[in-house]
Amino acid sequence: MTEQIAFQAEVAKVLDIVIHSLYSNNEIFLRELISNASDACDKLRYARLVHPELAAQGEEMKIELIPNKQARTLTVRDNGIGMNRDDLINHLGTIARSGSAEFVKSLSGDKQKDMALIGQFGVGFYASFMVADKVVVQTRKAGDASGWRWESEGAGTFSIAEDKKVSPGTSIELHLKKEALDYLDPLRLRYLVRQYSDHVSWPIVLKDGKQEETLNSASALWTRHKADITEAQYRDFYQSVSHAFDAPWMTLHYKAEGVIDYTALLFIPEKPPFNLFQPDRQTALQLYVNRVFISDDLPDLMPHFLRFVTGVIDTNDLPLNVSREMLQKTPVMSKIKAGLVHRILSELKKRADQPDDYQTFWESFGIVLKEGLYEPNDQKEDIANLCRFRSTVGEGWVSFADYVGRMKDGQETIYYLTGSDLETMRHNPQLEGFAARGIEVLLLNEPIDEFWTQTFTEYKGKKIVSVMHARQDLDKIPADPSKTTVTLTTEEEAALMGEVKQILKGEIGDVQMTDRLTKSPVALITPEGQMSMNLERLMRAHHQPTAFASTRILEINRHHPLMKKLAEMVQSKKDSAAIAETVWLLYDQSLVTEGEPLKDPARFSEALVRLMMQGL
Ligand code: ADP
Ligand code: MG
């Protein structure tokens, strides 16, 4: 006896649109059917655990694709759980998914627009009608004595009849529309399976005449238990998802359960990939929904400062047919992102306790992670704790915590010097006053350091300040007194500053006295809040116009015998030519020390030669 049953009103509406629209992206029907078949196999596997009487007899579970050119049908068959009469009526006659009733209400009536919406929302089984004008489902539920035949042309009703000959599992026979006959082509099927369903954990077998071919690699490694996965399997998988040849430095495999359920299998490579700094590089992450590949173009899934993380995220909290727009809008993605960031940072924290091991990571990806101190995010402190720097103490890597632990009594500030060459930086005159007081200085020699130091200005209540702008601490902490030989008087200082300003008019913005220098008579700095000279040089090197070059300030060491001598000469107002030559020479030499080009190198070398002649 064959029953004729009407589709639920919402389904009828959806089907009406699906049948009558030419949807360019209709290939999605295949992954929907494969996904259902895979679910059916999963369900049977589980049912067998609970009901041993369903134990496997004979055939392994699998999904078959059977194109038939004569009949113009494509059949998707599985030997999974199957459906009984109620299942058929409830699952293939209604839309049960939550929110779908509202979704259907929101359809506009314009078929083309609505089709695009449906394509994004994902209509599961009903996508069959995008490519077929008739669908025949033959199914028998595991353990049942008899099966069922369901048939529909999608218009209003479906028929259902008992059929004792149907074998266990489900077969979905699509009578392809004229425009969809390319789905009979084995090449096309092979391509689609590789593209969308490669990681389905059951074999997907193409039956083409007598030939059988398994199309997917069935390696949804992330769905297996950690204990069942070997290191070599993780490595192979890492190499295939990351297109890499090394071994992962970190493998992070976990299942998150809570607001959003997802499984993550993430890797941090050992060596930086070649395109790490290409501006259009996205994170190398793949998103799966229920083991079906969705996208690997997911700029919002991982913050930029973690763009070296690769791997797979699999969630059931998104519809299979989730669209780009939806991926951008849905809170599911931002929740997953927050979870991933939290997890990765805390794993890194654990590894950071083993300095030798962590150094491998830091030297590969430290410059990327430091971008996190600069990009807006809520994890600044965690990121700061993971950062390592060179410093004036030793040759190794130093953390903020190491630095703070070594701060001098009375020192309240974390000091740094930026530059590009570590060796040159170690000899920078600006460090002299700090060395004299035993104060450590971080040596920041990457371009990114110029940027994060502008926005990340405090660590655990301690200000982070450039040595160029150090003030209070240096007054509070006494320098080794044996090194201070002379000091300029107030009158000498005033006279000398006036004279130097006069001579170097147009070259520098200001002159000031400092206690920060010990060996050097003078040094150049830029004012707080303006670009450092190092940053100006970086910009010039990248052909960025520096229209607003920073003001230069010439600092004078008030304890230097040469400056004392010069001040005395200025006060006694004699030999102004010698004074001018000396001031120019000092200024040029401060430019040289800073790594700045000289405006007039000839003047500098002539003056130097004259001086040498006098000395000899
Ligand atoms: P979804 O997979 O999101 O539930 P579908 O429209 O794809 O939505 O499928 C509807 C329901 O039909 C499934 O949840 C399942 O209960 C049933 N179903 C579909 N295909 C199969 C199949 N091959 N074997 C068993 N049940 C199936
Ligand atoms: Mg489905």
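Here are some notes on how the helices and strands fit together in this predicted model.

1. Start with the five-stranded sheet. It is open, its pairing is mixed, and the strand order reads E10-E11-E14-E12-E13. E10 (248-256) and E13 (292-295) are the edge strands; each has a single partner, so one side of each has no neighbour in the sheet. From one strand to the next, the twist averages 20 degrees.

2. Inside that sheet, have a look at E12 (residues 284-289) and E14 (residues 310-315). These two run parallel and are joined by 6 bridges. If you want a landmark for the register, alanine 284 sits opposite threonine 310 in E14.

3. Two helices to check against the sheet are H8 and H11. H8 (residues 231-242) packs on it and touches E10, E11 (262-269), E12 and E14, with its direction at about 85 degrees to that of E11. H11 (residues 355-369) lies across E10 and E11, and its direction is about 95 degrees from that of E10.

4. Next, the run of E4, E5 and E6. E4 (residues 132-140) pairs with E5 (residues 147-152) in the antiparallel sense over 5 bridges, and valine 136 faces glutamate 151 of E5 across that pairing. The two strands make a hairpin with 6 residues between them, and in its turn glycine 143 has a positive phi of about 95 degrees.

5. E5 also pairs with E6 (residues 157-163), again antiparallel, through 6 bridges. Here serine 152 is the residue opposite phenylalanine 158 in E6. This hairpin has 4 residues between its strands, and glycine 154 takes a positive phi near 85 degrees.

6. On to the helices, beginning with H18 and H20. H18 (residues 490-503) packs against H20 (residues 561-571) at an angle of about 80 degrees, with the axes 9 Å apart. An angle between 65 and 115 degrees counts as roughly perpendicular, so that is how H18 stands to H20. H18 brings Glu491, Glu492, Ala495, Leu496 and Glu499 to the contact, while H20 brings Met563, Lys564, Leu566, Ala567, Glu568, Val570 and Gln571. Sorted by class, the contact of H18 with H20 comes to 6 nonpolar, 1 polar and 5 charged residues.

7. Which residues of H20 are buried? They are Met563, Lys564, Leu566, Ala567 and Val570. These residues span an arc of only 165 degrees around the axis, which means they lie on the same side of H20. Their cover includes H18, E21 (522-525), E22 (553-557) and H21 (576-594). After H20 comes lysine 573, which has a positive phi near 55 degrees.

8. Finally, H18 with H21. Their axes come within 10 Å and cross at roughly 75 degrees, so H18 is roughly perpendicular to H21. The contact uses Glu499, Val500 and Ile503 from H18, and Ile579, Ala580, Val583 and Trp584 from H21. By class, the contact of H18 with H21 has 6 nonpolar residues, no polar ones and 1 charged. Keep an eye on Glu499 when you go through the model: this residue of H18 is listed in the contact with H20 and in the contact with H21.

Terms used. Residues numbered from 1 in each chain as written. Chains lettered and ligands numbered in written order. Predicted model: local features only at pLDDT ≥ 70, side-chain atom pairs only at ≥ 80, totals over all residues. Heavy atoms only, no water. Axes fitted to C-alpha atoms, helices over the stretch in contact; angles between N-to-C directions. Parallel < 35°, antiparallel > 145°, perpendicular 65-115°, else oblique. Contact = heavy atoms within 4.5 Å. Nonpolar A, V, L, I, M, F, W, Y, C, P; charged D, E, K, R; others polar. Pairing = 2+ DSSP bridges. Buried < 20%, exposed > 50% of the residue type's maximum accessible area, 1.4 Å probe, protein only. Arc of directions from axis to C-beta.
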